[in-house]
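Please open the model in your viewer and follow along, starting with the outer surface and moving inwards from there.

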Amino acid sequence: MTLSRRDLLALAVAMPGFSWLARAPLPTRSEAPMPSAPGPEDEPAWERIANEFVIDGIHLNTGTVGASPLAVLQATIQHMRAFERMIGQEAVDVPALKKELESFLGAWPGSIAILRNTTEAMNVAANGIALEPGDEILSTTHEHIGGRCCWELLAKRRGVVYRTFAPPLDPRNDDDVIQAWQANVTPRTKVLSISHVLFSTGLLQPVQALVRWARGRGIISVIDGAHPPGMLVNDLASVDADFYATSTHKWLLGPKGTGLLVVRPDRMATTWPLIGSGDWAAEDIRRFEHVGTSNDSLLAGLRAAVAFQQGIGREAIERRARSLATGLDSALRGIPRVKVFSPSRVSHRTAMVAFQLDGVSAEKLQGILGQARIRTRRIAESGLEYLRLSTHLYTLPRDLDRTLEILRTTARG
Ligand SMILES: Cc1ncc(COP(=O)(O)O)c(C=O)c1O
């Protein structure tokens, strides 16, 4: 069935959940200058930053998808409109975008392939490594489908073995995590597939040490880095992984359908590309990202997203997001019947907090918060049942107060 423009408009008006944004013009941006490097408790500065967003409620699920600021929406839409004029189109300066991303992520020059998301980037890495039947890929029981299914498919199709172990959820230190990985490696382990930050609880894993240890044994490291860029300050060249996959539409707040694969320079020529397209035989990063015609407007928006976060400051954003999560974590631990599954130590906690409320399922809790226009993530994968809350640069203390108030009321029954 094809809907006319009028049908679509009628539908938009009729659907109660359809945001005003779908119908109204974008708000104009405030004239007030954007703050640079605000402290974690500089509330006027963070209020000013939050005003750059069109969030229609309280968004506590950046772990799934980030809200883009107006600057990103405008850059994407402007490019899209200009593109449709067809004549005199201006190309996005992709080399400049790559340099900006390299600087933002601390990645090697020429190491970034721009793809659609972490899932795609993980698949490019997994399919590009030469693996034999019986070769083992080691990972944890807390992997997201976006980092896990590429290996499960290879296991089914090619006879590689995907092995998982339960990671320590509340480690005392990095060694607890490292030892858990080391204890599960076998002589057949060819790849460690490591989530830099676990999607389930926000646990930060010591990837740099794991990568170094693995390389010393000839084991390849593939990092599911869906969360760190835009949430934590990254220096990917120091992490030194063979492959690092991420989604720039999460914490970096870029247009939806943008992600990256960062490939260690010595891996380029020996890794197969997934898609046979124009540059498949190039021995550099181009072999992984040429997929035919794609949407350049998203790249225009991605440039704006990087500029937005660079302007505020990566350290300032990390400090704010993590300190909000720490406050949230302590408040949750003070609610009767709440059990928090995120790490109790600040060193391993990021900007996501996962918990259960005894007697109320995560599904029910999500529904109760959803009624109050609070968006959360229910973690129901791998037999888990948590509710996860993400804090980011647009989260304000009053958002968390409101959320906690509802949780306290629910806990009282
Ligand atoms: C750890 C992890 N890996 C992979 C993904 C998949 O991300 P995407 O859907 O952007 O590919 C997610 C999404 O939430 C995630 O949390």
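Begin with the surface display of this predicted model: the accessible surface of the protein comes to about 18,500 Å², and carbon and sulfur atoms hold 53% of that area.

Next, select the charged side chains and colour them by sign, which gives 47 positive and 43 negative ones, with the centres of the two sets lying 4 Å apart.

Now switch to the C-alpha trace and turn it along its principal axes, where the span is about 65 × 55 × 50 Å. The radius of gyration is 22 Å, and this agrees with the value near 22 Å that a compact globule of 413 residues would have.

With the cartoon shown, you can step through 14 helices and 13 strands. If you then colour by burial, 54% of the 413 residues come up as buried, and if you draw contacts between residues with a separation of 6 or more, 70% of them join residues 24 or more positions apart.

Finally, select residues 118-128, which form helix α5. How many of the 11 residues of this helix are buried? The count is 9, so α5 is largely enclosed by the rest of the structure. Among the buried residues of α5 you will find Glu120, Met122, Asn123 and Val124, as well as Gly128.

Before leaving this helix, add asparagine 117 to the selection and look at the start of α5, where a side-chain oxygen of asparagine 117 comes to within 3.2 Å of the backbone nitrogen of threonine 119.

Conventions. Residues are numbered from 1 along each chain as its sequence is written. This is a predicted model: local features need pLDDT of at least 70, side-chain atom pairs count only at pLDDT 80 or more; totals for chains, interfaces and linings use all residues. Side-chain values use heavy atoms; hydrogens and water are left out. Helices (H or I, at least four residues) and strands (E, at least two) are DSSP runs, numbered from the N terminus. The radius of gyration is taken over C-alpha atoms; the globule rule is 2.2 Å times the number of residues to the power 0.38. Buried means under 20% relative accessible area, exposed over 50%, partly exposed in between (1.4 Å probe, protein chains only). Contact means heavy atoms within 4.5 Å. Accessible areas come from the Shrake-Rupley method with a 1.4 Å probe; for residues, only the protein chains shown count as cover. Lys and Arg count as positive and Asp and Glu as negative; His and the chain ends are not counted. The place of a charge is taken as NZ of Lys, CZ of Arg, CG of Asp or CD of Glu. A polar contact is a pair of N or O atoms within 3.5 Å; within protein, one must be able to donate a hydrogen and the other to accept it, and residues adjacent in sequence count only if both atoms are side-chain atoms.
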